[in-house]
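Visitor: I would like to learn how to read a structure like this one, feature by feature. Where should I start?

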Amino acid sequence: MTLAEKAGQLSIYSDPMRIGTRRQINPDAGPKIDNGLAQRIREGRLIGLFNGVGAAEGRALQRLAIEESRLKIPLLFGADVLHGFATVFPIPLGETASFDPGLAERTARAAAIEASANGIHWTFAPMIDIGRDQRWGRVAEGAGEDPYLGSLFAAARVRGFQGQRLSDADSLLACPKHFVGYGGAIGGMDYNSVEMSEQTLHEVYLPPFKAAFDAGALSTMSAFNDLNGVPMMAHRPLLTGLLREQWKFRGIVVSDYTADRELVMHGVARDDRDATRLAILAGVDISMQSDLYNLHLPSLVERGEVPMAVVDEAVRRVLRVKKLLGLFDNPYRSLDPVVEQRDTHTPAARSLARESARASIVLLKNEGQLLPLRKSSQKIALIGPFGADADNLAGPWSPFSDMKDAVSLEQGLRAVLRDPASLKVVKGCDPEQIIRGGLDEAVAAAKAADIVLLALGESQDMSGEAASRADILLPAVQQALAEAIVDVGKPVIVLLRNGRALALEGAVRDASAIVVTWFLGTETGNAIADVLFGDHSPSGRLPVSFPQSSGQQPFFYGHRNTGRPQTNPKDPYWKTRYRYVTHEALFPFGHGLTYSQFRYGEPEVGSGKLAWDGAITIRTKLTNIGTREAEETVQLYIHDRVASLTRPVRELKGIQKLKLAAGASRVVSFKLTRADLCFYDAAMNFIAEPGEFEVWVAPSATAGTPKVFVLEGSPLRP
Ligand code: GLC
């Protein structure tokens, strides 16, 4: 390979020919390669393309590489397939509310089948950044605030995308992103700097990546952010020291979009050439969109500023991944128009979309058992910007969604009502704008109805990349609509469409029933109807805490106690809290109601002693004391009472989902070992310290009464 050809294998570009049909998802940047694309392929000056789809078109591009280039190295086609391809599943944050990693694996598998049928080999997913500041627009793409839950979902989505064998035509190379710490952006402001301790980095933000790589992910994307002053694109200690030398990661590292060139803006590179040098030496194998590697790597090597061996190693990794994907054996894998026709929009995918959407719905409140609704003999007013809406079903990062026959909330409700005419739909306002006369029309509809469904929330462009919000309130126009509707005095059920936790206020917060529906994708309306009318009991749990107020962000359950914790909301003085704002979640992580009720027996911890190299079993009897079958998500939390560093007040260490018939009981047991109690001490040793631990088996991060067990010291330790 010539040096130019090597640089080519380390350069990827957004497909100029095929992305035009979709919404813009990246800023305009990089070289205009549209008219020179064929020549660039013939010269071998790209690893492949991303976000271009279509088997036939991809086949034509691949033919150019295989038949008209000197080395005949097959192209690699990537894309942002996060939560479905043409058939859209709930946004990842929403699906994480299922607390069912197996479900996430199945939807990732379905997405891989559809995306690979449409000419994709590599997905820039799963997005596994921990999100603890809900102002950050990209919380929507991840698995929420907790590293344990985030790790389970990261591994599950990698398994789903990559399937049995990477060389299978329906397998996608997974790309857990964004390595690392992106979700810790100060103020939740996208692209902002990140400052965190080594302990927090290793205990909160890195575990999902370790889980993803342990699950076999063979690529990762380095993040935009600087971490403690070092931009990730130049972070050799993490990209090479940790990732390659410690974790023995053998996959490929791709930069985020023009992130290598942004080293100049970060102020650590003098110019593009310097940025190129820093990125390749840090361990970034592939340059995305900026063209810097093609432009500058050859001269950097010729002048001895970058060893040829570094370039060769990066190229070797790229070619190895292409080989593992089966592209050398069959360059036309995943480029078959017949398969594209067969495997896109299958009934199985739609059925799974409905199942995953249902499982993602979280019932926060249900005072007076307003839910489930009757399917007949009542007049329902569906009021709000998201009642009939069909433009905000897919959610952010669904560039290939084909929503032409997606099911809106209105359509889903009408489909199950005995008399569809009993549903009156009034928008009342736009997501962020007043509709002249809309409020009066909505009030009139509420007055004429027996019950009101208020469909409120965020439009999908209020979440995702470059969509951080300075507050996490409902838009004022929607709050005003809610106040007016609640004043009418009819029973009100709030349905939220949201990409993050929201700070609920006034009539919305006080509504008798509140249902979180995230962005649920293709089967939105059917899934919500399945739950609202009781064909399925809600089972979702919050993967992010709903706070009292926007001002509390970042807000998460796994915080440290501080020296003056608020233990009694009625004793607000000299405590860790804001004036007039109790520092509890309005609805905590892990919270979610069903249409039944569950009683948790007192946890049993056996002898209450955990030997240094032993295990302890925690048991609780769970009983469905309600009147119908329902699925409960039982959560296990610990707290290290005294340690050499302050520890979180609770840490999730286990989840189990149990479907129990009315009146049925089952003993739930969890096992803990010392490994579950380890943390990074002041010297960054990953250790457990002997002493007392509290343990909860509970339905949320703030529920339950703890039991205590003791980790006994090792005979070898003081
Ligand atoms: C974007 C995103 C990244 C995405 C990439 C390609 O800037 O940060 O998640 O995969 O560019 O679209």
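Visitor: Which atom of the ligand lies 3.1 Å from a polar side-chain atom of Asn26?

Guide: A polar contact is a pair of N or O atoms within 3.5 Å; within protein, one must be able to donate a hydrogen and the other to accept it, and residues adjacent in sequence count only if both atoms are side-chain atoms. In this predicted model, local features need pLDDT of at least 70 and side-chain atom pairs count only at pLDDT 80 or more, while totals for chains, interfaces and linings use all residues. Residues are numbered from 1 along each chain as its sequence is written, and side-chain values use heavy atoms, with hydrogens and water left out. The partner of Asn26 is an oxygen atom of the ligand. Arg138 also places a polar side-chain atom 2.8 Å from a ligand oxygen, and for His178 the distance to a ligand oxygen is 2.6 Å. The protein covers 100% of the 310 Å² of accessible area that the ligand has on its own (Shrake-Rupley method, 1.4 Å probe; for residues, only the protein chains shown count as cover).

Visitor: How many residues surround the ligand?

Guide: A residue is near a molecule or strand if one of its heavy atoms lies within 4 Å of it. Here 15 residues surround the ligand, and the closest are Asp80, Arg138, Lys177, His178 and Asp256. By class, the shell has seven nonpolar, three polar and five charged residues. Ala, Val, Leu, Ile, Met, Phe, Trp, Tyr, Cys and Pro count as nonpolar, Asp, Glu, Lys and Arg as charged, and the others, Gly among them, as polar.

Visitor: Which residues touch the most other members of the largest nonpolar core?

Guide: In soluble globular proteins, nonpolar side chains tend to be buried together. A nonpolar core is a set of buried Ala, Val, Leu, Ile, Met, Phe, Trp, Tyr and Cys residues joined through side-chain atoms within 4.5 Å. Buried means under 20% relative accessible area, exposed over 50%, partly exposed in between (1.4 Å probe, protein chains only). The largest core has 135 residues, and Trp122, Phe179, Val180, Ile383, Leu454, Ile485 and Phe546 touch the most other members. Its largest share, six residues, comes from helix H5 (residues 101-117). Another core, of 29 residues, lies apart from it and includes Leu520 and Tyr595.

Visitor: Which residues of helix H8 are buried?

Guide: Helices (H or I, at least four residues) and strands (E, at least two) are DSSP runs, numbered from the N terminus. In H8 (residues 207-214), the buried ones are Pro208, Phe209, Ala211, Ala212 and Phe213. Contact means heavy atoms within 4.5 Å. Among the elements covering the buried residues of H8 are helix H6 (147-162) and strand E6 (219-222). Gly216, just after H8, has a positive phi of about 110°.

Visitor: Where does Thr258 lie, and is Thr258 buried or exposed?

Guide: Thr258 is in the loop between strand E9 (252-255) and helix H10 (262-266). Thr258 is buried, with a relative accessible area of 6%, and has a positive phi of about 60° although it is not a glycine.

Visitor: What is the peptide bond from Phe179 to Val180?

Guide: That bond is cis, with omega near -5°. Val180 lies in the loop between E5 and H7. A cis peptide bond also joins Leu371 and Pro372, with omega about 0°.
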